Amino acid sequence: MERIAEFQKVSFNEFTKSWKKIFFNDTDEKIKEIYDNIKLPIRVTRGSAGYDFFSPIAFNLSQGKTILLPTGVRVKIDEGWFLGVFPKSGLGFKYRLQLDNTVGIIDSDYYYSDNEGHMFVKITNDSRENKELEIKSAQSICQGIFLPFGITYDDNALGIRNGGLGSTSK
């Protein structure tokens, strides 16, 4: 197996800044506790392709509701690879849990962005059976798979990324 990446936490300052934009009522003490308990993604079994990403907090998500979660995680990836982020199969089957961007694409140069490559997960409970999703803190909520990619013969991309969503098309 080729080793091509390393998961890390973003800095506490970056996490705090991102967290307060969404959960603005949380105290600094509460944010520090959440940050200290962040679990980096792992593969659970030898045959797993996906690295499980864990929720930094417990939450309930009723049918049709969405939550945006700063994960506190960044990833350093060798050039020529990207991280695809997919829903967890079990949560998808049970609750129609959806990632709002269908599949997240984390490029290798995202790591160097001003936000330290901080990954966010936006999920929706798309249940059509009125099921409420209950997630515990440190429960797996999605999975990331490293994939290689190619480029065209006439590719001449010289741009430098600085940002997340939509930053490569600006």
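**Entry 1: Gln143**

I began with Gln143, which I found in strand S11, a strand that covers residues 140-148. The model I am reading is a predicted one, and I keep that in mind for everything noted below. I then asked whether Gln143 is buried or exposed. Its relative accessibility comes to 17%, and because the limit for buried is under 20%, I entered Gln143 as buried.

Next I looked up what surrounds this residue, leaving aside its neighbours within four places in sequence. Gln143 is in contact with Gly50, Tyr51, Asp52 and Phe53, and also with Gly84, Val85, Phe86, Pro87, Lys88 and Ser89. For Pro87 I could add a distance, since its backbone oxygen lies 3.2 Å from a polar atom of the Gln143 side chain.

**Entry 2: the sheet around S11**

I followed S11 into its sheet, which is open, has four strands in the order S2-S11-S6-S8, and is paired in the antiparallel sense. Which strands stand at the edges? They are S2 (51-54) and S8 (104-107); each has a single partner strand, so one side of each is left without a neighbour in the sheet. From one strand to the next I noted an average twist of 30°.

I also checked the pairing of S11 with strand S6, residues 81-87, and found it antiparallel over seven bridges. Pro87 turned up again here, with Cys142 as its bridge partner in S11.

**Entry 3: Gly50**

As Gly50 was among the contacts of Gln143, I looked it up separately. Gly50 sits in the loop that joins helix H2 (28-36) and strand S2. I recorded Gly50 as buried, because its relative accessible area of 8% falls under 20%. With its neighbours within four places in sequence left aside, the contacts of Gly50 are Ile42, Arg43, Gln143, Gly144 and Ile145. I also took the separation of Gly50 and Ser89, which are 39 residues apart along the chain and 11 Å apart between their C-alpha atoms.

**Entry 4: Ile22 and helix H1**

I turned to Ile22, which belongs to helix H1, residues 12-22. Its relative accessible area is 25%, and I therefore listed Ile22 as partly exposed, the class between 20% and 50%. Beyond its neighbours within four places in sequence, Ile22 is in contact with Leu68, Pro70 and Phe120. For a distance across the model, I compared Ile22 with Ile145: they are 123 residues apart in sequence, and their C-alpha atoms are 27 Å apart in space.

I then asked which strands H1 lies across. They are S4 and S9, and the helix runs at about 165° to S4.

**Entry 5: the sheet with S4 and S9**

These two strands belong to an open sheet of three, in the order S4-S9-S7, with antiparallel pairing. At the edges stand S4 (66-70) and S7 (97-99), each with a single partner strand, so one side of each has no neighbour in the sheet. Neighbouring strands here are turned against each other by 25° on average, direction ignored. Between S4 and S9, which covers residues 120-125, I found five bridges in the antiparallel sense. One of the pairs I wrote down is Thr66 with its bridge partner in S9, Thr124.

**Entry 6: empty space**

Last, I asked how many cavities of 30 Å³ or more the structure holds. There is one, and I noted for the largest cavity a volume of about 60 Å³. Its lining consists of Asn37, Ile38, Lys39, Phe54, Ser55, Pro56, Thr71, Ser137 and Ala138.

How values were computed
Residues numbered from 1 in each chain as written. Predicted model: local features only at pLDDT ≥ 70, side-chain atom pairs only at ≥ 80, totals over all residues. Heavy atoms only, no water. Buried < 20%, exposed > 50% of the residue type's maximum accessible area, 1.4 Å probe, protein only. Polar contact = N/O pair within 3.5 Å; in protein donor to acceptor, adjacent residues only side chain to side chain. Contact = heavy atoms within 4.5 Å. Pairing = 2+ DSSP bridges. Axes fitted to C-alpha atoms, helices over the stretch in contact; angles between N-to-C directions. 1 Å grid on protein atoms, 1.4 Å probe; cavity = no way out; pocket = protein on both sides within 12 Å on 5 of 7 lines; lining within 4 Å. Points joined across faces, edges and corners; volume = space filled by probe spheres on them.
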